[in-house]
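Colleague: I am new to reading structures of this kind, and I would like to go through one slowly with you. Could we look at it together and take one topic at a time?

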Amino acid sequence: MQRDIQNIVILTGAGVSAESGVATFRGPDGLWEGHRVEDVATPEAFARDPDLVQKFYDARRAKLRTVEPNAAHRALAKLDAHWPGDLLLVTQNVDDLHERAGSKRLLHMHGELNSAWCLACDERSRFDGVMADDQACPHCQQSGHLRPDIVWFGEMPYQMERIELALAQCDLFVSIGTSGAVYPAAGFVQSARHYGAQTLEMNLDPSEGSFHFHESRKGRAGDLVPDWVAEILRDI
Ligand code: OAD
């Protein structure tokens, strides 16, 4: 598969962080089993009950401090460091495990737990604390206007133009640990194929769009991703 490949786009989802102990969304122990999406992950929920929404993300932010990147994050960071062509890692994850593993060519299309968006001054700031306490914005110092910098349902994912351009220019699109249930990310495989890229999926279970991929590998990201990275780096 790696012959003639210069530009790579990688999409990751919650499955890549599962072995670090971060809960996925769907499935028996998933986050959406314990919460209704419309109660915690929509702008309407935040308008109705900001305290509930802040506490949901405060708890997830606190959990982040207790987890570490796993072998899949580390392998992707290694690929980033050594791959001579273009590479873009697009993550749907709001954790910071890719960057803690060392990935640089990375974007968070669904936002970040460690970022606060101030609705008073519209600035985004690094944030590591508890938002439910009506914290002051690190930028404008006003209190009570911070919201989690998370893309909620009904909101537009970040940096879509950059992602579409990378998909149009890539020779290989790789999807790791995502159920393929949420658009636009779920449609990236079709865009990449439309522009002629090879496509590979690595997931514990076949995703909803599994049939779109040229190749599907089934298993744990911590096992599959290091093997794939070794494979692709062998031929450069
Ligand atoms: P999901 O919870 O929908 O899917 C996680 C996928 O990872 C499933 O297909 C699992 O089979 C797979 N998986 C679990 N453990 C794995 C492992 N160790 N190795 C490999 N794969 C594993 O999570 P996402 O697809 O990321 O959006 O969800 C997409 C979006 O839906 C999220 O970004 C979030 C959510 O609503 C927002 O919050 C905006």
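Colleague: How much space lies in the largest cavity?

Modeller: Please keep in mind that this is a predicted model, and that the values I quote are computed from it. The structure holds one cavity of 30 Å³ or more. The space that lies in the largest cavity is about 90 Å³.

Colleague: Which residues that line the largest cavity are the closest to its centre?

Modeller: The lining of the largest cavity is made up of 14 residues, and by class these divide into eight nonpolar, six polar and no charged. The closest to the centre of that cavity are Ser-175, Thr-178, Gly-180, Ala-185 and Ala-186.

Colleague: Where does the ligand sit?

Modeller: We can start from its surroundings, where 23 residues surround the ligand, and Glu-19, Arg-26, Thr-178, Ser-179 and Asp-205 are the closest. By class, this shell has nine nonpolar, 10 polar and four charged residues. As for the place itself, the ligand sits in the largest pocket.

Colleague: What is the volume of the largest pocket, and which element gives the largest share of its lining?

Modeller: The volume of the largest pocket is about 960 Å³. Its lining has 45 residues, and Ala-14, Thr-24, Phe-25, Arg-26 and Ser-179 lie nearest the centre, while by class the lining divides into 22 nonpolar, 15 polar and eight charged residues. Two or more residues of this lining come from each of helix 1 (15–18), helix 5 (50–64) and strand 8 (198–203). The largest share, three residues, comes from helix 1.

Colleague: Which residue has a side-chain N or O atom 2.5 Å from an oxygen atom of the ligand?

Modeller: It helps to go through the polar contacts in turn, beginning with Ala-221, where a backbone N or O atom lies 2.8 Å from a nitrogen atom of the ligand. A polar side-chain atom of His-110 lies 2.8 Å from an oxygen atom of the ligand. The residue with a side-chain N or O atom 2.5 Å from a ligand oxygen atom is Asp-205.

Colleague: How much of the area that the ligand exposes when taken alone does the protein bury?

Modeller: Taken alone, the ligand exposes 800 Å². The part of that area buried by the protein is 92%.

Colleague: Which peptide bond is cis, with omega near 10°?

Modeller: For this we look at the loop between strand 7 (172–176) and helix 9 (188–194), which is where Pro-184 lies. The cis peptide bond, with omega near 10°, is the one from Tyr-183 to Pro-184.

Colleague: And what is the value of phi of Asp-134?

Modeller: Asp-134 is found in the loop between strand 5 (124–126) and strand 6 (146–150). Its phi is positive, in a residue other than glycine, and the value is near 55°.

Conventions. Residues are numbered from 1 along each chain as its sequence is written. This is a predicted model: local features need pLDDT of at least 70, side-chain atom pairs count only at pLDDT 80 or more; totals for chains, interfaces and linings use all residues. Side-chain values use heavy atoms; hydrogens and water are left out. A residue is near a molecule or strand if one of its heavy atoms lies within 4 Å of it. A polar contact is a pair of N or O atoms within 3.5 Å; within protein, one must be able to donate a hydrogen and the other to accept it, and residues adjacent in sequence count only if both atoms are side-chain atoms. Accessible areas come from the Shrake-Rupley method with a 1.4 Å probe; for residues, only the protein chains shown count as cover. On a 1 Å grid over the protein atoms alone, a cavity is a set of points where a 1.4 Å probe fits but cannot get out, and a pocket is an open set with protein on both sides within 12 Å along at least five of seven lines; lining residues have an atom within 4 Å of a point. A molecule sits in a cavity or pocket if more than half of its atoms lie within 2 Å of its grid points. Ala, Val, Leu, Ile, Met, Phe, Trp, Tyr, Cys and Pro count as nonpolar, Asp, Glu, Lys and Arg as charged, and the others, Gly among them, as polar. Grid points are joined across faces, edges and corners, and a volume is the space filled by probe spheres set on the points. Helices (H or I, at least four residues) and strands (E, at least two) are DSSP runs, numbered from the N terminus.
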